[in-house]
Amino acid sequence: METKSIKRSRRHLRIKKRFNPATLRLVVFRSLNHIYGQVVDDTTRKTLVSASDVVGNSKGTKTERAMSVGKELGKKAIEAGISICVFDRAGYKYHGRVKALCEGAREAGLKL
């Protein structure tokens with residue numbers, strides 16, 4: 001019997017195959033209490049920009065914190081000269097906190 005995490009990792013690989021490795025990815029990781037986002041360059045295998053709600057963004061509901069993480073990530077990406085990337089939801093449904101993070105990044109000016 002497969003666990004939820006194994007199913008999610010399979011979905012993530014299936015989704016990731018569709019992306020062009022030359023484009024930057026905004027990757028989301030959602031734990032039980034926190035949410036993390038990072039912009040990754042697959043050609044150099046480096047994280048260019050990252051943000052999370054672990055430090056500093058601990059006020060409000062989880063969805064509100066995810067929105068603020070998305071805004072912070074978008075601001076950092078624009079400052080680093082990144083304006084366009086693809087959204088990698090990492091096997092999660094585009095709903096709730098994952099959707100809030102993506103919308104926050106769009107509000108900050110990042111094109112996804």
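This tour moves through a predicted model, from a strand pair to a surface patch and then to the nonpolar core.

Begin by selecting residues 35–41, which form strand E2, together with residues 46–52, which form strand E3; the two strands run antiparallel and are joined by 6 bridges. Within this pair, pick out Val 39 and look across to Val 49, its bridge partner in E3. Then follow the chain to the hairpin of E2 and E3, where 4 residues lie between the strands and where Arg 45 takes a positive phi near 55°.

Next, select Phe 29, Tyr 36, Val 54 and Val 55 and show their surface, since together these residues make a nonpolar patch of about 360 Å². Phe 29 belongs to strand E1, which covers residues 25–30, and with a relative accessible area of 39% Phe 29 is partly exposed.

From the surface, turn to the largest nonpolar core, which has 22 residues, and select Leu 26, Val 28, Ile 82, Phe 87, Leu 101 and Leu 110, the members that touch the most other members. Colouring by element helps here: E1, E2, E3, helix H2 (62–79) and helix H3 (97–107) each give two or more residues to this core, and the largest share, 5 residues, comes from H3. In soluble globular proteins, nonpolar side chains tend to be buried together.

Finally, centre the view on Phe 87 and display its contacts, leaving aside residues up to four places away in sequence: Phe 87 touches Phe 19, Leu 26, Val 28, Tyr 94, Val 98, Leu 101, Cys 102 and Leu 112.

Notes. Residues numbered from 1 in each chain as written. Predicted model: local features only at pLDDT ≥ 70, side-chain atom pairs only at ≥ 80, totals over all residues. Heavy atoms only, no water. Pairing = 2+ DSSP bridges. Patch = residues over 30% accessible without salt bridge, like charges linked within 9 Å, V, L, I, M, F, W, Y side chains within 5 Å. Areas by Shrake-Rupley, 256 points an atom, 1.4 Å probe, with all protein chains shown as cover. Salt bridge = Lys/Arg side-chain N within 4 Å of Asp/Glu carboxyl O. Buried < 20%, exposed > 50% of the residue type's maximum accessible area, 1.4 Å probe, protein only. Core = buried A, V, L, I, M, F, W, Y, C linked by side-chain atoms within 4.5 Å. Contact = heavy atoms within 4.5 Å.
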